[in-house]
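Visitor: Hey, got a few minutes to walk me through this one? I'd like to jump around a bit.

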Amino acid sequence: MSHRPLTTFDIGHDRYSAIIEPETAFWSLAPTADLHRVLLDPEYLGEISARERSLDEEMRLLRFGLLPSAVYFNPTERCNLNCTYCYLPEKMRRGGKHMTENQIFAAMELLLEYFGKTLPATTRPQVIFHGSEPMLNRRAVLAAIDRYSKEIAFGVQTNGTLLDAETIGRLIENQVSIGLSLDGPAATITDLTRHTHGGRSIHGRVISALEALRGYPNHSVISTVTTKNLAHLRELVDLLHGLEVPTCMLNPVRCTLPGARSIRPDDGAFASAYIAALERTYQLYRETGRKLIVANFANAILAVIAPTARRLMCDISPCGGGRCFFAVDANGGLFPCSEFIGLPEFQAGNLFDGGLESCFASDAFTSITTRTVEQIDGCRECAIRNYCGAPCPAEACALHETAAAKGAFCDFYREQFRFIFRLIADGLESAYLWDSWDSDAITTFDLAAKLPGSA
Ligand code: SF4
Ligand code: SF4
């Protein structure tokens with residue numbers, strides 16, 4: 001018999017409820033009318049109990065056993081935009097420094113040396129050129145990509161305003177993953193949060209870049225959801241699908257600075273608009289046969305159906321910051337995540353001063369890498385704590401002056417997972433996932449194959 005308490009979770013479905021063992025994130029769906037019988041069924045409890053140890057081990061490895069394999073690398077402090085919710089100090093973005101080409105090369109050598117000792121020889125580390133705006137230092141970034149693409153899987157996260165045809169050609173030639181940012185379906189919406197320091201619109205330039213990227217499978221769009229675009233997410237999804245963008249993210253604004261907090265959407269309104277936008281992606285898929293994957297949502301589905309197949313690392317506890325990846329600023333400063341750049345108390349040494357080996361044991365990193373849902377009031381008893389992960393420590397620090405607190409969107413996360421369980425109950429979850437998501441996944445536990453009536 002299982003020694004762990006099982007929790008029921010109302011998913012708002014007309015026939016099914018979820019039963020969750022929160023420690024292992026094991027779940028099943030049972031007919032609501034039959035819930036009490038299932039919870040007392042000795043065969044059901046026996047099956048869970050028999051696998052408790054292996055599920056525990058799988059969750060332990062995911063939460064505590066991963067090694068860093070990716071770096072968010074800022075090749076410049078400068079940005080040509082002044083977005084309302086940016087987490088980087090404006091002074092840095094307006095007048096900061098670029099890394100030189102030689103400094104970027106030296107950094108890549110140091111990173112390769114480190115990953116050569118920690119990763120299997122067959123695994124290429126990932127380096128994502130990140131912002132501020134990396135394309136302001138385009139010549140040096142492209143030179144590094146040309147030089148190291150065989151050894152490093154590169155990505156660029158850019159505001160998309162500086163992607164001319166030559167730059168796009170060089171990035172595609174090197175199979176670089178390209179992420180752009182766009183918040184609205186029209187300039188009137190995008191302009192409300194994303195614009196130049198002088199307040200000029202950049203919407204058209206991003207659309208032109210997306211037109212140029214049409215057909216390239218390795219590009220995506222990040223949309224930050226705020227009060228300014230909440231009512232327009234369905235049209236945004238229509239625009240991105242029409243541009244044949246393969247993947248987007250509809251991320252809630254990170255409430256780390258006052259500018260971001262001033263446009264924080266209400267959890268309930270966000271959940272409604274988000275679900276409506278997701279349902280629109282499904283409708284478009286049915287009409288055209290082509291998916292627009294909402295990656296943060298797809299990742300949340302994977303958190304439920306295949307926890308170790310997750311690709312993003314915000315909704316694991318501890319989150320991936322300082323554990324699965326780390327960030328390097330334009331001076332070589334080492335931080336657990338880009339969200340902490342600009343906060344000196346979270347810097348753990350410098351890449352160029354041999355700081356890489358020791359940063360993982362620093363207070364700056366361990367304050368994030370040891371933050372678990374079990375430490376957080378309201379999360380430690382939450383049924384979905386090991387799907388949600390209580391993001392984000394940077395947000396919690398900004399809101400509550402401690403990482404051991406909830407971030408901003410608890411009620412939204414609950415609604416998201418209720419929706420996911422409804423999709424699973426209706427057999428629709430695959431329509432929201434990458435076609436190949438399970439190509440190298442294995443089924444470790446399928447209770448439905450054993451117990452009739454459970455899903
Ligand atoms: S939860 Fe926050 S700190 Fe952690 S990886 Fe995500 S953005 Fe970074
Ligand atoms: S943030 Fe909310 S939904 Fe997430 S684990 Fe904590 S209590 Fe649960």
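Guide: Sure, we can go through the ligand surroundings, a sheet, a helix and a loop residue, bearing in mind that this is a predicted model.

Visitor: Ligand 2 then. Which residues are around ligand 2?

Guide: You'll find V373, G378, C379, C382, I384, R385, C388, A390, K406, C410, Y413 and R414 around ligand 2.

Visitor: Which helices each supply at least two residues of that shell around ligand 2?

Guide: That would be helix 15 (385-388) and helix 17 (410-425). Helix 17 gives the most to the shell, with 3 residues.

Visitor: And how do the residues of that shell divide into nonpolar, polar and charged?

Guide: For ligand 2 the split is 8 nonpolar, 1 polar and 3 charged.

Visitor: OK, ligand 1. What is ligand 1 surrounded by?

Guide: The shell of ligand 1 consists of M313, C314, C319, G320, G321, C337, E339, P391, C392, P393 and A394. Those residues divide into 8 nonpolar, 2 polar and 1 charged.

Visitor: Switching to strands. In what order do the 3 strands of the open sheet run, and is the pairing parallel or antiparallel?

Guide: The order is 1-2-3, with antiparallel pairing. Strand 1 (7-9) and strand 3 (26-31) are the edge strands, each pairing on one side only. From one strand to the next, the twist averages 30°.

Visitor: How many bridges join strand 1 to strand 2?

Guide: There are 3 bridges between strand 1 and strand 2 (residues 16-21). In that strand 2, A18 stands opposite F9.

Visitor: Now helix 2. How many residues has helix 2, and what does it reach from first C-alpha to last?

Guide: Helix 2 covers residues 42-64, so 23 residues by the DSSP run, and its C-alpha span of 32 Å is close to the 33 Å expected at 1.5 Å a residue.

Visitor: Where does helix 2 bend?

Guide: The bend in helix 2 is at E52, by about 50°.

Visitor: Last stop, G333. Where does G333 lie?

Guide: G333 sits in the loop between strand 11 (325-328) and strand 12 (334-335).

Visitor: Buried or exposed, and why?

Guide: G333 is buried, because 23 other C-beta atoms lie within 10 Å, and 20 or more is the cut-off for that.

Visitor: How many residues apart in sequence are G333 and E101, and how many Å apart in space?

Guide: G333 and E101 are 232 residues apart along the sequence, and their C-alpha atoms are 17 Å apart in space.

Key. Residues are numbered from 1 along each chain as its sequence is written. Chains are lettered from A and ligands numbered from 1 in the order in which they are written. This is a predicted model: local features need pLDDT of at least 70, side-chain atom pairs count only at pLDDT 80 or more; totals for chains, interfaces and linings use all residues. Helices (H or I, at least four residues) and strands (E, at least two) are DSSP runs, numbered from the N terminus. The expected span of a helix is 1.5 Å times one less than its number of residues. The bend at a residue is the angle between axes fitted to the seven residues ending there and the seven starting there. A residue is near a molecule or strand if its C-beta atom, placed from the backbone, lies within 6 Å of it. Ala, Val, Leu, Ile, Met, Phe, Trp, Tyr, Cys and Pro count as nonpolar, Asp, Glu, Lys and Arg as charged, and the others, Gly among them, as polar. Two strands pair if DSSP finds at least two bridges between them. Axes are lines fitted to C-alpha atoms, for helices over the stretch in contact, and angles run from 0 to 180 degrees between N-to-C directions. A residue is buried if 20 or more other C-beta atoms lie within 10 Å of its own, exposed if 12 or fewer, and partly exposed in between; C-beta atoms are placed from the backbone.
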